[in-house]
Amino acid sequence: MIKKKLLKNAKEIDRFLINFLKKQNFSPLVKPMKYGVISGGKKIRSTIILDAGKIYNIKNKKLLNICAAVECIHSYSLIHDDLPCMDNDAVRRGKPATHIKFGESSAVLAGSSLLTLAFEIIADKQYSINHKIKNEIIRSLASCSGHTGIAGGQELDLKFENKKKNINQIIDMQKKKTGKLFNFCLYAVGIVAKKNKKENFFLGKLGEEIGLLFQLTDDFLDTKGSRKLVGKPIKKDKKKGKSTLINLMGEEKAYLYANNLKRKILRKLQKHGKKASELINTIEFILERKF
Ligand code: GRG
C-alpha cells in the first residue's frame, strides 16, 4: 500500500518537474539537474505534504508546487552531501552520484541551480495562491534550508565527526540537518490551510520530529540495512566517527528512543481522527522502512 502511494506521488512530482523545466530555456545544467532530482528517490517529503493536506481537505493540486520545491532542495542537498568535501560518496539511489557522472563543478552548479529552481517554482505566476501565503512559504523554505536549517545542520554533522557529543547536541544537529525540511513540509500545509500562528508552529515542530525519526531510521539502515535496497554504501557512520544516537548509546537504546518518538508523534495526531490516517500510515513506514 505505502509503496503504491509513494510511487504514485513520485510520478506526479516528476511529471510536474519535467514540465516546469521544459518551459525554461535550455542550459547544459538541465541534464545533471534532472539526474539529481527526477526518477529517483522516494519523494517521502512530498508524500508527507500530500498526506498532511488530507487533514485539512486541501486538494493535491494546491500543494504540488510546494512538493516540487521541497524535492529540489532535498536533491540539491544530496548532490552536495555526496561531494568529496562533504561525505564523499560515489553512489546515490543505486546510481553513480551526480559528481561522479558529470564532474564536480557541474554537480556543484546543478545543485545550486536546484536550490534557486525551488524558489522559482513557488514564485511562479501560474501557482495561484494568495500573495501573503506565497511570501510566507518562500520565507520559511529559505529559513529551513539555509544556515538555520539543513545547511547549518550539515555543518554541525561534519564538525561533530570524531568528537564526543551528548544526546542533546546530536538531536539538535539531526533536527536541523534532516528535520528542518520536514518542519517546512507540515508548516507550509498549515499556511495554505490558513491555520493560526500557534497551530502552524505546532505543525512545524511535529514535522521536525518526523524528520528526526526519519534520520534515526537512516542511521539504523546504515548499520543493518541492505546496500542494494538503500541504494548507497552502508556501515559508513562508524568508520567516519559520525555522531549518531546508535554510536552514543547502542542500537537497542537508540531503537527504544525512536519507538518512543514515533508514539509521541502519533499521539499528537490523534486529535485529527481519520483525517490523519494517511499521514499515520507514512509515519509507521518511516520507522520500519528498509529503503
Ligand atoms: C540544501 C541549502 C542546502 C545545503 C546543503 C549538504 C547539505 C547542505 C545538507 C545535507 C543534509 C543531509 C544529507 C541530510 C540527510 C537527510 C537524509 C536522511 C537523506 C536521505 O533522504 P531520502 O531517504 O532520500 O528521502 P531519497 O533518495 O529517497 O530521496
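Let's start at the ligand: 20 residues surround it, and K42, R45, H74, R93 and S145 come nearest (being near takes a heavy atom within 4 Å). Keep in mind that this is a predicted model, where local features need pLDDT of at least 70, side-chain atom pairs count only at pLDDT 80 or more, and totals for chains, interfaces and linings use all residues. Residues are numbered from 1 along each chain as its sequence is written, and side-chain values use heavy atoms, with hydrogens and water left out.

Here are some polar contacts to the ligand (pairs of N or O atoms within 3.5 Å).

| Side chain | Distance to a ligand oxygen atom |
|---|---|
| K42 | 2.6 Å |
| H74 | 2.7 Å |
| R93 | 2.8 Å |

On its own, the ligand has 750 Å² of accessible area, and the protein covers 92% of that (Shrake-Rupley method, 1.4 Å probe). Elements giving two or more residues to the shell include α3 (44-55), α8 (150-159) and α10 (197-224). The largest share, six residues, comes from α4 (helices are DSSP runs of H or I, at least four residues). By type, the shell splits into seven nonpolar, seven polar and six charged residues.

Now for the core. The largest nonpolar core holds 78 residues, and I48, I66, I121 and I137 have the most contacts inside it. Such a core is a set of buried nonpolar residues joined through side-chain atoms within 4.5 Å, buried being under 20% relative accessible area. Its largest share, 12 residues, comes from α9. Leaving aside residues up to four places away in sequence, I137 touches I66, I122, I129, F184, I191 and V192 (contact means heavy atoms within 4.5 Å).

Notes
A polar contact is a pair of N or O atoms within 3.5 Å; within protein, one must be able to donate a hydrogen and the other to accept it, and residues adjacent in sequence count only if both atoms are side-chain atoms. Ala, Val, Leu, Ile, Met, Phe, Trp, Tyr, Cys and Pro count as nonpolar, Asp, Glu, Lys and Arg as charged, and the others, Gly among them, as polar. Buried means under 20% relative accessible area, exposed over 50%, partly exposed in between (1.4 Å probe, protein chains only).
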